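Please examine the sequence and the model shown here. The paragraphs that follow lead through a strand, its partners, a pocket and a loop.

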Amino acid sequence: MRLAGPLRIVALIITMGLTWILVTILLGGPGGGLPRIQQFFTSPENSVTAEPRARKYKCGLPQPCPEEHLAFRIVSGAANVIGPKICLEDKMLMSSVKDNVGRGLNIALVNGVSGELLEARAFDMWAGEEYCLVGKGCSVEPEAPCSVGSSPPDVNDLLKFIRPLHEGTLVFVASYDDPATKMNEETRKLFSELGSRNAKELAFRDSWVFVGAKGVQNKSPFEQHVKNSKHTNKYEGWPEALEMEGCIPRRSMAG
């Protein structure tokens, strides 16, 4: 019973000490009491938060395009693992998620006036039947013979795809894995006429993104190209993926 008094005193001192520590934490030291307490009673909407993220516009562009311009972003494939993407006016035209991309050249044709997608296709520039060169023999199945000097099937399909383009048609191109092994001179010439500077030198496993148009007079400002080189490749056997974005003027009805 004699210890009851001293124990009460010790308990009181401990309680006062803990209370002082708690009050110090809440008040945040001299002069900081009211703001610190107010934080506990302030709604999340009114509380101070970090600066908001920078606003993104159509297709993730950092700023909006001018009137009568189409916003776009093109990303080439990464090695032979991650497929390409083509976005226009915040609409994904081609991507792995849409399941409409493939090895080779991924091409979206767009109405240059309305911005509407006309057609999107992928053309394999590596696999497929072997083709004949002048003076060489064919090594294909008898059911699908090739003639001397003929082009690979995918190149023929590609030529049929881009030869009849109407004036003002926009052409969006993104490479994936290998864009050029099957390319012939006519293919390179047609892309050059669409405004490409690099189509003539495109080679095995290069990375390439390009936006051109039927009937352009000058070379397109929207093109990027990275050569496949073991000295500079980002991936083993492939160069880095390319990403390009911008604003394309709509074509007038008169072309």
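In strand β7, Ser207, Val209, Val211 and Ala213 point one way, Trp208, Phe210 and Gly212 point the other way, and all of these residues are buried. In a regular strand the side chains alternate between the two faces of the sheet. Burial extends over 7 of the 7 residues of β7, so this strand is largely enclosed by the rest of the structure. The model in which this arrangement is seen is a predicted one.

Which strands pair with β7? Strand β6, residues 170–176, pairs with β7 in the antiparallel sense over 5 bridges. Within this pairing, valine 211 of β7 is the bridge partner of phenylalanine 172. Strand β8, residues 223–226, also pairs with β7 in the antiparallel sense, over 4 bridges. Here serine 207 has valine 226 of β8 as its bridge partner.

Strand β7 also takes part in the largest pocket, to whose lining it gives 3 residues, the largest share. The volume of the largest pocket is about 220 Å³. Its lining consists of 14 residues, and those closest to the centre are Ala213, Val216, Pro221, Phe222 and Ile248. Two elements, β7 (207–213) and β9 (243–249), each give two or more residues to this lining. By class, the lining comprises 9 nonpolar, 3 polar and 2 charged residues. Ala213 thus has two roles in this description: it is one of the buried residues of β7, and it is among the residues closest to the centre of the largest pocket.

Helix α4 spans residues 185–193, and its buried residues are Thr187, Arg188, Leu190, Phe191 and Ser192. Just after α4, glycine 195 adopts a positive phi of about 115°.

The account now turns to another part of the chain. Methionine 94 belongs to strand β3. Its relative accessibility is 1%, and because buried means under 20%, methionine 94 counts as buried. Not counting residues up to four places away in sequence, methionine 94 touches Pro84, Lys85, Ile86, Asn100, Val101, Asn106, Ile107, Ala108, Ala120, Arg121 and Ala122. For one of these, proline 84, the C-alpha to C-alpha distance from methionine 94 is 7.5 Å, with the two positions 10 residues apart in sequence numbering.

Is serine 95 buried or exposed? Serine 95 is found in the loop between β3 (91–94) and β4 (104–110). With a relative accessible area of 3%, serine 95 is buried, because this value falls under the 20% cut-off. The side chain of serine 95 reaches the backbone nitrogen of lysine 98 at 3.2 Å. Leaving aside neighbours within four places in sequence, serine 95 is in contact with Pro84, Lys85, Asn100 and Val101. Each of these four residues is also touched by methionine 94.

These details can be placed in the chain as a whole. The protein chain has 4 helices and 9 strands, and from the N terminus its elements run α-α-β-β-β-β-β-α-β-α-β-β-β. Of its 255 residues, 38% count as buried. Among contacts with a separation of 6 or more, 56% are made by residues 24 or more positions apart.

Notes: Residues numbered from 1 in each chain as written. Predicted model: local features only at pLDDT ≥ 70, side-chain atom pairs only at ≥ 80, totals over all residues. Heavy atoms only, no water. Buried < 20%, exposed > 50% of the residue type's maximum accessible area, 1.4 Å probe, protein only. Polar contact = N/O pair within 3.5 Å; in protein donor to acceptor, adjacent residues only side chain to side chain. Contact = heavy atoms within 4.5 Å. 1 Å grid on protein atoms, 1.4 Å probe; cavity = no way out; pocket = protein on both sides within 12 Å on 5 of 7 lines; lining within 4 Å. Points joined across faces, edges and corners; volume = space filled by probe spheres on them. Nonpolar A, V, L, I, M, F, W, Y, C, P; charged D, E, K, R; others polar. Pairing = 2+ DSSP bridges.
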